Amino acid sequence: VDINQVIYDGGAIKGARAIEKADLLINEKQAETDLYKLRSQINTYYFNLLLLERQEELLDNYLAIVTKRIASMLSGVENGVILRTDIDVMTTEKIKLEQQIRENHIRRESFRKILSGLTATEIDPSTELLMPAFGNDTTDVITRPELEIFDLRKDQLDASLQVINSRRMPKAFGFATLGYGNPPGNNFFRDEFAPYYILGAGIKWNIFDWNKAKTEKQIIGLQHVIIENRQTDLTDNLTRMLETKKAEISSLNALLETDLELISLRKRITASAESQYENGTITATELLNEINAEKQVLINHEIHRINLAMAQADYYNISGKETE
């Protein structure tokens, strides 16, 4: 039986364990990085699906308004107060709205299937999509896992330096040999079977490595610089992306404020146009133009509102924050 025990290895085992640990953490952070890419895809389809739902609700409301207007016009035609062409104008708009609703529904179904695949969750038409809640935190603190990967790679290089240094350090070890034989061990003067043992210790020291360690350290030093430069570049890119998103969020907030004023004005204009049409001072086409203008303002408001939520979600995703 031979037994060997390392007494001192110059830090080689410790360095190897540090390299393995850093490699494990890098793989974990890489999985988190892939998750952030997936979140970005999910955000895109989720908010587009949410926007299509809101648009369809508005289109349904205006379809009901136009249908009601056509019904009221029919009695006017029978009484000779309204021309048949006025009903044709409204009927044309009704057909366009029905086409838009069908097209919207097809796109919603497509986005819903894609989102179900990305999330591995069955999303049926009855599923209620909620608007995420975002705080007012727009600080430029970035906690993306990619940046942590760079730090872990630098730790891994530091551990590699420790392993290289350990090669130049002396290695101490102990050993023992237990046996039974004839002659027992190295005692050739005994001609009989007997147990024996040998105990000892040793030192190994690679004094000359012909500058191999120096070259390896230079390579690691260059790799360290490359990683730091890449980390800086990524941080700068993410910071610029955050600044762009902050500007987009500010712009959308300003648009939402003016949207409310526009909606109020457009509703008054439409109400006035309906009164003018009833009095015969404008045509059905002019009335329809005002109704469509009001509809477009409401749709734009929903687009701005959902784009704001999407921009906030992108901001959180870029900075590494969690979205509730």
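Two strands count as paired if DSSP finds at least two bridges between them, and I kept that cut-off in mind while going through this predicted model.

**Sheet.** I looked first at strand E1 and strand E2 (residues 171-181), and found that six bridges join them and that they run antiparallel, so the pair meets the requirement of at least two bridges. For one position I noted the partner by name: Gln 5 is bridged to Gly 174 in E2. I then followed the whole sheet, which is open, has three strands in the order E1-E2-E3 and is paired in antiparallel fashion. Its edges are strand E1 (2-8) and strand E3 (194-204), each of which pairs on one side only. With direction ignored, neighbouring strands of this sheet are turned by 15° against each other on average.

**Asn 104.** I next looked up Asn 104, which lies in helix H2 (residues 84-119), and asked myself whether Asn 104 is buried or exposed. Its relative accessible area is 5%, and therefore I entered Asn 104 as buried. Its side chain reaches the backbone oxygen of Leu 52 at 3.2 Å, and, leaving out residues up to four places away in sequence, Asn 104 touches Leu 52, Gln 55 and Glu 56.

**Cores.** The largest nonpolar core holds 27 residues, and Tyr 46, Phe 47 and Leu 50 have the most contacts inside it. Helix H1 (12-78), H2, helix H4 (212-278) and helix H5 (284-319) each give two or more residues to this core, with the largest share, nine residues, coming from H5. For Phe 47 I listed contacts beyond four places in sequence, among them Met 131, Pro 132, Ile 306 and Met 310. I also recorded a second, separate core of 23 residues, including Leu 58, Met 73, Leu 288 and Ile 299.

Terms used:
Residues numbered from 1 in each chain as written. Predicted model: local features only at pLDDT ≥ 70, side-chain atom pairs only at ≥ 80, totals over all residues. Heavy atoms only, no water. Helix = DSSP H or I, 4+ residues; strand = E, 2+ residues; numbered from the N terminus. Axes fitted to C-alpha atoms, helices over the stretch in contact; angles between N-to-C directions. Buried < 20%, exposed > 50% of the residue type's maximum accessible area, 1.4 Å probe, protein only. Polar contact = N/O pair within 3.5 Å; in protein donor to acceptor, adjacent residues only side chain to side chain. Contact = heavy atoms within 4.5 Å. Core = buried A, V, L, I, M, F, W, Y, C linked by side-chain atoms within 4.5 Å.
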